[in-house]
Amino acid sequence: GSGVSMKTEFATLTATAEGVDIDLEGDLKEHHDRFQDGLMWAKRMKDIGTNFATGDIDEAFKTIREGIDDLIVGNTIYLYLIDELTGK
């Protein structure tokens, strides 16, 4: 469809009959993504607290499990503690 597009250093704005789309770029995109992650975790903490307060423990633990799944990303990394004096 037809529309209007405007590109700046940090974003591209496209307006069509279907609506407006904003694509962020560079540092602004990174900051926005981090903000969205923080907002998601804050909402989860609120949901967990609300569920505990109302006695809905199963729902609280469901939210906790979903959060744990989001924390585990990528490959497993192993950490080995080595004494710096003995090398063992």
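Reader: How exposed is Ile64?
Author: Ile64 is partly exposed, at 27% relative accessibility. The scale is simple: buried is under 20% relative accessible area, exposed is over 50%, and partly exposed lies in between, with a 1.4 Å probe and protein chains only.

Reader: What kind of model is this?
Author: A predicted one: local features need pLDDT of at least 70, side-chain atom pairs count only at pLDDT 80 or more, and totals for chains, interfaces and linings use all residues. Residues are numbered from 1 along each chain as its sequence is written, and side-chain values use heavy atoms, with hydrogens and water left out.

Reader: Okay. Where does Ile64 sit?
Author: In helix H2. Helices here are DSSP runs of H or I with at least four residues, strands are runs of E with at least two, and both are numbered from the N terminus.

Reader: And what separates Ile64 from Asp47?
Author: Along the chain, 17 residues. In space, their C-alpha atoms are 9.6 Å apart.

Reader: Which residues of H1 are buried?
Author: Arg44, Asp47, Ile48 and Asn51. Helix H2 (57-71) is part of what covers them.

Reader: Why do residues three or four places apart in an α-helix point the same way?
Author: An α-helix has 3.6 residues a turn, so side chains at that spacing face one way.

Reader: How far does H1 reach?
Author: H1 spans residues 26-53, which is 28 residues. From first C-alpha to last, H1 covers 41 Å, close to the expected 40 Å. The expected span is 1.5 Å times one less than the number of residues.

Reader: What follows H1?
Author: Gly55 does, with a positive phi near 85°.

Reader: Back to Arg44. Why does it count as buried?
Author: Its relative accessibility is 13%, so Arg44 counts as buried. Arg44 lies in helix H1.

Reader: What is Arg44 in contact with, leaving aside neighbours within four places in sequence?
Author: Thr63, Glu66, Gly67 and Asp70. Contact means heavy atoms within 4.5 Å.

Reader: Which ring does the charged end of Arg44 sit over?
Author: The ring of Trp41, 4.8 Å from its centre. The rule asks for NZ of Lys or CZ of Arg within 6 Å of the ring centre and within 35 degrees of the ring normal.

Reader: New topic. How many aromatic pairs are there in the whole structure?
Author: The search finds 1. It is Phe52 with Phe61: the ring centres are 5.9 Å apart and the planes meet at 85°, so the pair is edge-to-face. Rings of Phe, Tyr and Trp (its six-membered ring) pair if their centres lie within 6.5 Å; planes under 30 degrees apart are stacked, over 60 edge-to-face, and the rest tilted.

Reader: How exposed is Phe52?
Author: Partly, with a relative accessible area of 38%. Phe61 is partly exposed too, at 39%.

Reader: Now the strands. In what order do they form the sheet?
Author: E1-E2-E3, as an open sheet of 3 strands with antiparallel pairing. The edge strands are E1 (3-7) and E3 (19-24), and each pairs on one side only. Two strands pair if DSSP finds at least two bridges between them.

Reader: How many bridges join E1 and E2?
Author: There are 5. Among the partners, Met6 matches Leu13 in E2, and Lys7 stands opposite Thr12 in E2. A hairpin links E1 and E2, with 3 residues between them.

Reader: And how many join E2 to E3?
Author: Strand E2 (residues 11-16) has 6 bridges to E3, again antiparallel. Three examples: Ala11 faces Leu24, Thr12 faces Asp23, and Thr14 faces Asp21. The hairpin from E2 to E3 passes through 2 residues.

Reader: What is the count of buried residues in E1?
Author: It is 0 among its 5 residues, and E1 is hardly covered.
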